[in-house]
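Me: Please examine closely one part of the model shown below, the part that holds its aromatic pairing, and set it in the context of the whole chain. A connected account, with the cut-offs behind each term, would be most useful.

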Amino acid sequence: MMKKGWDEFEIGAMLRTFDGSIDNIAGTSQDDRSYSENSSYTASVADWRLIKPIFNKDYCIDCQFCWIYCPDVSIISRDKKMIGIDMDHCKGCGICAEVCPTNPKSLIMFPEQSEDEAEIASWPAKDEEK
Ligand code: SF4
Ligand code: SF4
């Protein structure tokens with residue numbers, strides 16, 4: 001496939017981030033991922049991040065809001081299922097957590113150095129006032 005420049009796409013064009021299988025893609029290192037030809041995967045803003053989103057799949061309803069709103073196409077979704085976050089490209093803006101509609105949220109922002117498993121184990125309870 002011919003590689004296109006950013007200004008050669010139709011307005012509103014949607015690009016797939018990955019080609020081929022995405023099994024366990026969130027846990028696969030960047031070098032081992034099959035990024036699509038037109039993905040700007042070499043341009044990472046991950047080192048901007050001071051806080052990071054952690055995903056708790058137990059509360060996720062696969063609404064896809066996070067995927068739609070993420071400005072860096074860092075939400076990995078396939079067949080309308082939220083799979084995880086591409087931390088090599090997430091810049092930590094927090095938009096995904098802001099738009100997540102579940103109670104408790106399925107995406108919450110934590111300090112960059114937080115351990116995912118520990119934060120998921122102490123996830124906030126449902127807010128009864130909402
Ligand atoms: S924090 Fe921002 S860049 Fe990272 S996954 Fe969420 S919306 Fe995307
Ligand atoms: S916005 Fe929240 S509930 Fe919706 S797909 Fe993303 S993580 Fe799941």
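Reply:
**Strand 4 and its surroundings**

The secondary structure of the chain comprises three helices and four strands; helices (H or I, at least four residues) and strands (E, at least two) are DSSP runs, numbered from the N terminus. Read from the N terminus, these elements follow the order β-α-β-β-α-β-α. The radius of gyration of the chain is 15 Å, close to the 14 Å that the globule rule gives for 130 residues, so the chain is as compact as a globular protein of that length. That radius is taken over C-alpha atoms, and the globule rule is 2.2 Å times the number of residues to the power 0.38.

The model is a predicted one, in which local features need pLDDT of at least 70 and side-chain atom pairs count only at pLDDT 80 or more, whereas totals for chains, interfaces and linings use all residues. Residues are numbered from 1 along each chain as its sequence is written, chains are lettered from A and ligands numbered from 1 in the order in which they are written, and side-chain values use heavy atoms, with hydrogens and water left out.

Some values for the whole chain set the scene. Along the principal axes, its C-alpha atoms fill a box of roughly 50 × 30 × 25 Å. Of the 130 residues, 35% count as buried; buried means under 20% relative accessible area, exposed over 50%, and partly exposed in between, with a 1.4 Å probe and protein chains only. Among contacts between residues at least 6 apart in sequence, 59% join residues at least 24 apart, a contact being heavy atoms within 4.5 Å.

The part in question centres on strand 4. The structure holds one aromatic pair. Its partners are Phe-110 and Trp-123, in a tilted arrangement with 5.9 Å from centre to centre and 50 degrees between the planes. Phe-110 lies in strand 4 (residues 107-111) and Trp-123 in the segment after helix 3 (116-121), so the pair ties together parts that are 13 residues apart in sequence. By the criterion applied, rings of Phe, Tyr and Trp (its six-membered ring) pair if their centres lie within 6.5 Å; planes under 30 degrees apart count as stacked, over 60 as edge-to-face and the rest as tilted. Both partners are buried: Phe-110 has a relative accessible area of 12%, and Trp-123 has one of 10%.

Strand 4 also contains Met-109. With residues up to four places away in sequence set aside, Met-109 touches Ile-51, Lys-52, Pro-53, Gly-92, Gly-94 and Ala-97. Strand 1 spans residues 51-55, and helix 2 spans 95-99. The C-alpha atoms of Met-109 and Asn-56, 53 residues apart along the chain, are separated by 11 Å.

Beyond the strand, the loop between strand 4 and helix 3 holds Ser-114. Ser-114 is buried, at a relative accessible area of 12%. Its contacts, not counting residues up to four places away in sequence, are Lys-52, Ile-54 and Glu-119. Lys-52 is thus touched by Met-109 and by Ser-114.

On the other side, the loop between helix 2 and strand 4 contains Pro-104. A cis peptide bond, with omega of about 0 degrees, joins Asn-103 and Pro-104.

Two further regions may be set beside this part. In the loop between strand 2 (75-78) and strand 3 (81-85) lies Asp-79, which has a positive phi of about 50 degrees although it is not a glycine. Lys-80 is placed in the loop between strand 2 and strand 3, and its phi is near 65 degrees, a positive value in a residue other than glycine. Asp-79 is exposed, with a relative accessible area of 69%, and Lys-80 is exposed at 67%.

The second region is the segment before strand 1, which includes Leu-15. Leu-15 counts as partly exposed at 37% relative accessibility. Leaving aside neighbours within four places in sequence, Leu-15 is in contact with Phe-9 and Asn-38. The C-alpha atoms of Leu-15 and Trp-123, 108 residues apart along the chain, are separated by 33 Å. Met-14 lies in the segment before strand 1 and is exposed, at a relative accessible area of 65%.
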